[in-house]
Amino acid sequence: MERNYIDVAKSWLADSYDVETRQKVNVMLQSGDPKELEDAFYRTLEFGTGGLRGIMGVGTNRMNKYTVGMATQGLANYLKSHFASLEQVNVAIAFDSRNNSREFALITAEVLGANDIHVYLFDNLRPLPELSYTIRELGCQAGVMITASHNPKEYNGYKVFWEDGAQVTPPHDANIIAEVNKITDPSQVKFGDGTPLNISMIGAEMDEKYLKAILSLTLSPESVQRHADMKMVYTPLHGTGVRLVPTALKRVGFTNILTVAEQEISDGNFPTVMSPNPEEPSALKMAVELAEKEGADLVMATDPDSDRVGIAVRDNDGKMVLLNGNQTASLLTYYILTRWQELGKLSSKNYLVKTIVTTELLVEIAKKFGVEIYDVLTGFKYIAQIVRENEGKREFICGGEESYGFNIGEFVRDKDAVNSCKMIAECAAWAADQGMTLYQLLQKIYQEFGIFREKLLSVTLKGKDGAEQIAQLMKDFRATPPTMIGDEKVVKVIDYNKPEETGLPKSNVLRFFGEGGSVVTVRPSGTEPKIKYYFGAKGDTADAKIEMMKQQFS
């Protein structure tokens, strides 16, 4: 039964909510926008398989101290139950530069501490991959990262990690959700009574350990030394990469790193960009302008929690062009496998991982080097799950996804833009040794393996109506799948809602395959009010095929 959002909003006028919250709710009830009131209270912000993500503000469908506290209480209850045999349960917490991130991190630490869970809390903002590293390094049972990644400024989020440093996967995700759903009122939350809690602050020492791990993966120190003065531009887009990315680049040996001063300021309003998303060209505008002014050959930009990286390089005409996540992943995979082969490191125990919507070019590259590659569902946690399953038996080299996420090595079990930035710059130095730019290296890859093109179309449908529209679209695609994609006849349909057919966990994803090798993947975003269409094509006419598919599905 659909709940009455007005009655739910009135329940937030009770004494269990603070005065400021009650005042804001009262304003919304008396004179606010009815649509805003409905969207804030028509449902409870869902604690999904990765945690929480939503717009900040008062309401059950918003990120605020109460929804964060209730989620944390549910998490605490599950941890205490699952690890009942341990004398002490430990959780690491980090946060990014978003508005309220520090406050939400402190609330999370307070609630966990009040539940007799020992907390390692970072003393200031830190990249998400460092949290993943820290969980394993300190032997924690879980971790929490307060971030909404690359979402617009009005969002924040709450990502839960397990003891292997990866975001939670079955059965723990469903079990945590079940416990969180039992917490229906703030009165059930142990917010603490002001007494000292079991919280340890961490910071610089962990930075050093994390950086040391990253630097141990360096493959071409001689190339870096020969091109140490290669000019590059980096921007953290007001986020957590501000210190560690330039430090990693300098530690490996680069000396000519320019930064966008205005975007080094940690500011959750992200004042210089529409959205702090390195997938969007506008986010890299200031960095590219600086590169043009200073004559730099490489631009790198990381999102607020530093797990994604976007890059720009100079083409054969000297113009700065943006590369997408598939192209960056292809460059890195080709470079890393080439160097592993040259260094005699490759063996039958090595493997790669990519997601189903990531370029098939990675498959062709893996074939050349005789390395197995796994295909997994969208989400880096599924890449990490393969690493966990193979731990101690096989060695993970690297893996990536089209949405600008990549990782190298097993120290971190999530996307790592700090490590990726270091490896991209290293790859550029190695390419220079071969007499090539990164752009020319990419063209060489296309010449060897063929042209692969990919495009993402995201359609935003906000609010309750939007969620219903997205659900209906997926229902319609299942009932009446397209018979053509572009100019190709559909010869195969995969519905990932049928794990018995795919061999993968159930997921609300559809894929349509054309007779000429084109593919369209449709999935609702798990973190934003969007439905996403992924288009892939290959061959000399790939660009034209992509445009036809975009027109068909837009």
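Helices here are DSSP runs of H or I at least four residues long, numbered from the N terminus, and in this predicted model one of them, helix α4, spans residues 65-82 and contains M70. With a relative accessible area of 15%, M70 falls under the 20% limit and is therefore buried. Apart from neighbours within four places in sequence, the residues in contact with M70 are I183, T184, D185, P186 and V189. The chain also brings M70 to a C-alpha distance of 9.0 Å from V111, although their positions lie 41 residues apart in sequence numbering, counted as their separation along the chain.

A second buried position in a helix is E38, which belongs to helix α3, residues 34-41. The relative accessible area of E38 is 16%, and E38 is therefore counted as buried. When residues up to four places away in sequence are set aside, E38 touches Y5 and K464.

From these single positions one can turn to a whole helix and ask how many of the 11 residues of helix α14 are buried. The helix runs over residues 380-390, and 9 of its 11 residues are buried, so α14 is largely enclosed by the rest of the structure. The buried residues are F380, K381, Y382, I383, A384, Q385, I386, V387 and N390. Their cover includes helix α7 together with β12 (350-355), β13 (372-376), β14 and β15. After α14 comes G392, a residue with a positive phi near 85 degrees.

Two of the elements that cover α14, namely β14 and β15, are linked by a loop that holds Y404, with β14 at 395-401 and β15 at 405-408. Y404 has a positive phi of about 70 degrees although it is not a glycine, and its relative accessible area of 12% is the reason why Y404 is classed as buried. A positive phi in a residue that is not a glycine is also found at L237, where the value is about 50 degrees. L237 sits in the loop that leads from β7 (232-235) to α10 (241-252), and because its relative accessibility is 0%, L237 counts as buried.

Helix α7, which is also part of the cover of α14, occupies residues 172-182, and the loop between β5 and this helix includes P171. The peptide bond that joins P170 and P171 is cis, with omega at about 5 degrees.

The strand β5 (155-162) also borders another loop, the one that starts after β4 (142-146), and A148 is placed there. Is A148 buried or exposed? Its relative accessibility is 0%, and A148 therefore counts as buried. Beyond its neighbours within four places in sequence, A148 is in contact with R53, D96, R98, Y155, N156 and G157. The C-alpha atoms of A148 and K159, which are 11 residues apart along the chain, are separated by 8.5 Å.

The packing of helices can be followed in one pair. Two packed helices are described by the angle between their axes and the distance between the axes. For helix α8 (residues 204-215) and helix α15 (residues 417-433), the angle is about 40 degrees and the axes are 10 Å apart, and the two helices are therefore oblique to each other. The crossing in which α8 passes α15 is right-handed. In the contact, Y210, I214 and L215 of α8 meet V418, N419 and K422 of α15, and these residues divide into 4 nonpolar, 1 polar and 1 charged.

Helix α15 leads on to the nonpolar interior. In soluble globular proteins, nonpolar side chains tend to be buried together. Here the largest nonpolar core has 76 residues, and those with the most contacts inside it are M232, F254, L298, M300, I336 and L441. The element that gives the most to this core is α15, with 11 residues. For L441, leaving out residues up to four places away in sequence, the residues touched are L331, Y334, C427, W430, A431 and M436. Another core, of 51 residues, lies apart from the largest one and has W12, M56, L79 and I177 among its members.

Note on methods. Residues are numbered from 1 along each chain as its sequence is written. This is a predicted model: local features need pLDDT of at least 70, side-chain atom pairs count only at pLDDT 80 or more; totals for chains, interfaces and linings use all residues. Side-chain values use heavy atoms; hydrogens and water are left out. Axes are lines fitted to C-alpha atoms, for helices over the stretch in contact, and angles run from 0 to 180 degrees between N-to-C directions. Angles under 35 degrees count as roughly parallel, over 145 as roughly antiparallel, 65 to 115 as roughly perpendicular and the rest as oblique. A crossing is left-handed if the near helix is turned anticlockwise from the far one by less than a right angle, and right-handed if clockwise. Contact means heavy atoms within 4.5 Å. Ala, Val, Leu, Ile, Met, Phe, Trp, Tyr, Cys and Pro count as nonpolar, Asp, Glu, Lys and Arg as charged, and the others, Gly among them, as polar. A nonpolar core is a set of buried Ala, Val, Leu, Ile, Met, Phe, Trp, Tyr and Cys residues joined through side-chain atoms within 4.5 Å. Buried means under 20% relative accessible area, exposed over 50%, partly exposed in between (1.4 Å probe, protein chains only).
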